[in-house]
There are 2 protein chains.
Amino acid sequence: MASTASRPSRVATLPPRERILDAAEELFHHEGIRRVGLQAIAERAGTTKMAIYRHFETKDALVAEWLRIVAADYQAAFDRVEAEHPGRPAEQILGLARFIAEGLPRLSHRGCPFINSLAELPDRSHPARQVIEQHKARQTRRLVGMCAQAGLPDPEQAAAEITFALEGAQVSTQNGSIDQVGDRLMRVVEGILDRHRSPSGASRSTTD
Amino acid sequence: MASTASRPSRVATLPPRERILDAAEELFHHEGIRRVGLQAIAERAGTTKMAIYRHFETKDALVAEWLRIVAADYQAAFDRVEAEHPGRPAEQILGLARFIAEGLPRLSHRGCPFINSLAELPDRSHPARQVIEQHKARQTRRLVGMCAQAGLPDPEQAAAEITFALEGAQVSTQNGSIDQVGDRLMRVVEGILDRHRSPSGASRSTTD
DNA sequence: CCCATGTGATACCGCTCGGTATCGTCCGAT
DNA sequence: ATCGGACGATACCGAGCGGTATCACATGGG
């Protein structure tokens with residue numbers, strides 16, 4: 001279950017590289033990438049700037065590695081959810097939404113690391129951008145697959161709608177109260193599934 | 001030098017303050033707040049750093065003013081949409097969604113200025129944060145009002161769902177193709193309205 | 001035993017940042 | 001004609017940044 005949000009930090013038993021990544025995760029998420037200097041990361045990790053450069057080429061590489069880890073965590077969680085409901089794609093999708101919904105408080109009013117990093121890295125050639133895009137692509141592919149397996153007539157549209165909801169919910173974390181966001185998110189996703197399942201008039205055309 | 005980047009080089013007829021705000025809008029939106037220095041803004045506005053400080057207390061004040069203008073633009077657009085469908089709240093909501101959907105390409109792969117700024121300003125006491133929060137609160141209040149007027153049984157939930165969709169769609173702008181995002185967004189919002197109108201969609205409880 | 005390696009500490013470099021001070025100049029109101 | 005306020009240009013400041021160089025030490029495998 002990984003170290004919880006309020007990290008005890010500086011467990012000297014951990015090798016420096018892990019401490020650096022832990023510190024980076026904390027600071028990048030709470031303060032933003034550009035606000036955080038390597039000095040601050042080094043101090044939080046109980047080491048020095050030089051140690052960081054012994055393990056990472058540049059700061060950008062550290063950022064990319066951080067996001068790679070976050071992506072892997074999400075990936076693993078999705079694997080778990082998928083395995084919990086084998087052969088039941090609708091349950092998998094809901095489990096996935098529930099995972100996000102339950103994780104919202106842990107974001108502590110700072111939204112999704114990927115979305116935030118996107119805002120801070122307008123450069124599409126930044127190494128971290130590729131990590132994000134690959135992750136999003138994988139996630140979307142997976143979601144589309146689940147929707148297709150669930151027999152939804154338009155799995156791509158359904159997946160896109162669910163993605164909107166998931167990301168919108170994470171953004172909403174950043175202002176106001178989080179209390180109801182999780183429940184609201186679950187209801188949206190349920191609604192999307194219901195609507196895509198039932199042919200109950202696929203809503204009128206928008207062309208107006 | 002690079003006086004002309006991609007813009008029709010602000011003509012000198014505009015007063016400096018407007019030129020500065022125009023330049024700030026461009027650069028803040030495309031590069032991010034923290035990546036852009038006052039020097040760059042001054043150059044793009046065809047003036048100097050000193051001129052900026054004659055019109056704005058600090059850089060943070062300039063950022064806040066920029067977001068205030070963006071918020072006013074949105075507000076005005078919402079007024080327009082509302083006036084186009086007097087007494088027809090559902091049409092107003094759809095018109096609102098359409099306004100966002102049609103505006104997506106204009107964001108040119110850089111998402112919503114508010115969401116991006118949120119990511120770059122973790123400090124809740126930052127003057128720009130208050131602008132954002134007030135704007136979001138107003139927008140939500142307005143949307144809830146429309147949903148209530150439309151006779152939806154749970155206007156707050158409906159408004160929250162629509163907000164998820166709107167923000168999620170804007171985030172989705174940042175990676176991949178925009179082509180279908182607008183259409184998808186419209187369909188989600190239509191779906192949300194339909195489901196909230198018809199009792200058939202109450203569906204199961206989320207508690208499990 | 002000894003040396004290579006990884007580590008912590010410190011000092012430093014060049015650059016850019018937000019912000020300030022100081023000029024000379026232009027222009028419009030009086 | 002003049003005078004004051006806004007303007008453009010430039011130089012500067014202290015601070016922080018990413019990144020580099022150097023040195024001392026500790027430790028563990030040959």
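These are my notebook entries on a predicted model with two protein chains and a DNA strand.

**Entry 1: around the DNA**

I began with DNA strand C and asked which residues come nearest to it. Of the 16 residues around the strand, I noted Thr47(A) and Arg54(A) from one chain, and Lys49(B), Met50(B) and Lys59(B) from the other.

Next I looked up which parts of the DNA meet the protein. Of the strand C atoms within 4 Å of the protein, 38% belong to sugar or phosphate, and the rest belong to bases.

I then went through some phosphate contacts made by chain B. Lys59(B) puts a side-chain N or O atom 2.5 Å from a phosphate oxygen of strand C. For Tyr53(B), a polar side-chain atom lies 2.8 Å from a phosphate oxygen of the strand. With Leu38(B), a backbone N or O atom is what lies 2.8 Å from a phosphate oxygen.

I also checked which elements give two or more residues to this surface: they are α1 (16-31) and α3 (49-55) of chain A, plus α3 (49-55) of chain B. α3(A) gives the most, with four residues. By type, I wrote down seven nonpolar, five polar and four charged residues for the surface near strand C.

**Entry 2: how the two chains are related**

How does chain A map onto chain B? I found that a turn of 180° with a shift of 0.0 Å along the axis lays chain A on chain B, at an RMSD of 0.0 Å. The two copies are therefore related as by a two-fold rotation axis. I looked for the residue of chain A closest to that axis and got Gly168(A), with its C-alpha at 2.1 Å. The same surface serves both copies, as 98% of the contact residues of chain A recur in chain B.

**Entry 3: where the chains touch**

I turned to the contact itself, which takes 51 residues from chain A and 51 residues from chain B. The two chains bury about 4500 Å² between them, and 51% of that is on carbon and sulfur atoms.

How many salt bridges run between the chains? I count two. One that I looked up pairs Asp154(B) with Arg187(A), whose closest N and O atoms are 3.8 Å apart. I also have ten residue pairs in polar contact between the chains.

On the side of chain A that touches chain B, the elements giving two or more residues include α7 (127-149), α8 (155-172) and α9 (181-197). α9(A) gives the most here, with twelve residues. I split this side of chain A by type too: 15 nonpolar, 13 polar and 23 charged.

Conventions. Residues are numbered from 1 along each chain as its sequence is written. Chains are lettered from A and ligands numbered from 1 in the order in which they are written. This is a predicted model: local features need pLDDT of at least 70, side-chain atom pairs count only at pLDDT 80 or more; totals for chains, interfaces and linings use all residues. Side-chain values use heavy atoms; hydrogens and water are left out. A residue is near a molecule or strand if one of its heavy atoms lies within 4 Å of it. A polar contact is a pair of N or O atoms within 3.5 Å; within protein, one must be able to donate a hydrogen and the other to accept it, and residues adjacent in sequence count only if both atoms are side-chain atoms. Ala, Val, Leu, Ile, Met, Phe, Trp, Tyr, Cys and Pro count as nonpolar, Asp, Glu, Lys and Arg as charged, and the others, Gly among them, as polar. Copies are superposed by least squares on the C-alpha atoms of residues with pLDDT of at least 70 in both. Contact means heavy atoms within 4.5 Å. Buried area is the accessible area (1.4 Å probe) that two parts lose on being put together, summed over both. A salt bridge is a side-chain nitrogen of Lys or Arg within 4 Å of a carboxyl oxygen of Asp or Glu.
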